[in-house]
Amino acid sequence: MVVFVLLGLSGRASAGPDAPGSTKAHYVLVSAHRGGSMTVPNSMAAFKAAVRNGVREIEADSWVLSGGHATAVYHDAAIGPECNHWVGRKLRGLTARQVSVIRCNGEPIPSVHQLVSFVAGTSVRLRLEVKTFSTESSARLRREARVVVQRVVNAGIVGRTTMQSFRWRSFLGFLNGAPRIRISALDASPSVSDARLAARLGAYDLSYPGRMSTESLVGAVHGLGLGVAVYQVNNGDLAASLRQQGVDVIITDHPVRIRRKLGE
């Protein structure tokens with residue numbers, strides 16, 4: 001496994017978990033997708049509920065707002081109908097002040113600073129996606145990734161954080177500097193050739209839909225020194241099958257249910 005570092009950021013990584021694929025075969029880390037479904041997704045209430053229920057990793061989404069400095073934890077590119085202000089507006093075009101008045105199903109949209117500050121006060125791990133548009137330049141992706149990563153560095157949780165992006169080819173390509181941080185290559189249609197490229201670029205793991213996983217794919221990815229994370233896993237039987245395949249991380253909307261199914 002290779003852990004690379006981000007150029008131009010200051011900070012020091014703490015010791016992280018064991019290399020993927022090297023831990024006990026029966027153990028799978030269950031990650032709460034957007035904090036899980038126990039309350040409003042991607043809200044501080046969801047993240048706190050996940051921790052209270054014993055989840056060891058929370059997954060979240062991040063955007064950089066208008067001006068290029070403030071951040072928000074939200075999944076969709078545009079404000080959805082579950083929110084009370086700026087519905088339909090692109091989140092990227094809003095300021096931190098505008099976002100601060102939004103309530104989505106009664107919950108405020110947190111900033112990345114709020115999320116990482118909370119994680120810093122716990123022992124849980126964080127899996128954080130940097131959201132972007134496919135048409136945007138690699139330069140903008142890298143610039144915004146730096147903004148988000150600096151929040152992680154400032155919170156002192158580099159050793160417990162995995163950054164992820166569907167545009168990992170660009171995301172990984174500029175890693176060269178400090179601090180060390182794990183990068184997950186999100187891939188909606190995984191292949192061994194993708195895994196080879198991700199490994200060559202220095203990814204920590206390959207993350208793809210659980211329904212597309214096979215034992216042979218997991219074995220090939222592990223053989224390249226990468227971990228395997230699977231998402232959209234909300235069925236207990238599928239989770240049990242994935243554990244048999246040897247996946248390392250299961251990302252789910254129902255972390256309590258899946259952990260119970262796996263006997264953890």
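In the predicted model, Asn105 sits in the loop that joins strand S5 (103-104) to strand S6 (107-108). The phi angle of Asn105 is near 50 degrees, which is a positive value in a residue other than glycine. Asn105 counts as exposed, because its relative accessibility is 53% and the exposed class begins over 50%. A second residue with a positive phi is Gln232, where the angle is about 60 degrees although the residue is not a glycine. Gln232 is placed in the loop between strand S12 (227-231) and helix H8 (236-245). With a relative accessibility of 52%, Gln232 also counts as exposed. A positive phi, of about 85 degrees, is likewise taken by Gly54, just after helix H1.

The chain as a whole can be described next. Its secondary structure comes to 9 helices and 13 strands. The chain has 264 residues, of which 50% count as buried. Among the contacts in the chain with a separation of 6 or more, 61% are between residues 24 or more positions apart.

Helix H3 is considered in more detail. H3 covers residues 112-120, and its buried residues are Val112, Leu115, Val116, Phe118 and Val119. These residues lie on the same side of H3, because they cover an arc of only 155 degrees around the axis. The elements against which the buried residues of H3 pack include both helices and strands: helix H1 (44-52), strand S3 (57-64), strand S4 (71-72), strand S7 (125-130) and helix H4 (138-155).

One of these partners is H4. The axes of H3 and H4 come within 9 Å and cross at roughly 30 degrees. H3 and H4 are therefore roughly parallel to each other, since angles under 35 degrees are placed in that class. The crossing in which H3 passes H4 is right-handed. On the H3 side, the contact is made by Val112, Val116 and Ala120. On the H4 side, the contributing residues are Val148, Arg151, Val152 and Ala155. By class, the residues of this contact between H3 and H4 divide into 6 nonpolar, no polar and 1 charged. Val112 and Val116, which take part in this contact, are also among the buried residues of H3.

The other helix partner is H1. H1 and H3 pack at an angle of about 15 degrees, and their axes are 11 Å apart. H1 and H3 are therefore roughly parallel to each other. The crossing of H1 and H3 is right-handed. In this contact, Met44, Phe47, Lys48 and Val51 of H1 meet Gln114, Leu115 and Phe118 of H3. The residues of the contact of H1 with H3 comprise 5 nonpolar, 1 polar and 1 charged. Leu115 and Phe118, which H1 meets, belong to the buried residues of H3.

H1 has buried residues of its own, namely Met44, Ala46, Phe47, Ala49 and Ala50. Of these, Met44 and Phe47 appear in the contact with H3. The buried residues of H1 pack against strand S2 (29-33), S3 and H3. S3 is thus listed as a packing partner for the buried residues of H1 and for those of H3.

Three further residues were examined individually. Thr162 is located in strand S8 (residues 161-165). Thr162 counts as buried because its relative accessibility is 6%, and the buried class lies under 20%. When neighbours within four places in sequence are left aside, Thr162 is in contact with Leu126, Arg127, Leu128, Arg182, Ile183 and Ser184. Ser170 belongs to helix H5 (residues 168-173). A relative accessibility of 15% means that Ser170, too, counts as buried. Not counting residues up to four places away in sequence, Ser170 touches Ser138, Leu141 and Arg142.

Thr214 is found in the loop between strand S11 (205-209) and helix H7 (215-223). At 35% relative accessibility, Thr214 counts as partly exposed. Thr214 and Val247 are 33 residues apart along the chain, and their C-alpha atoms are separated by 9.6 Å.

Conventions: Residues numbered from 1 in each chain as written. Predicted model: local features only at pLDDT ≥ 70, side-chain atom pairs only at ≥ 80, totals over all residues. Heavy atoms only, no water. Buried < 20%, exposed > 50% of the residue type's maximum accessible area, 1.4 Å probe, protein only. Helix = DSSP H or I, 4+ residues; strand = E, 2+ residues; numbered from the N terminus. Arc of directions from axis to C-beta. Contact = heavy atoms within 4.5 Å. Axes fitted to C-alpha atoms, helices over the stretch in contact; angles between N-to-C directions. Parallel < 35°, antiparallel > 145°, perpendicular 65-115°, else oblique. Left-handed = near helix turned anticlockwise from the far one by under 90°. Nonpolar A, V, L, I, M, F, W, Y, C, P; charged D, E, K, R; others polar.
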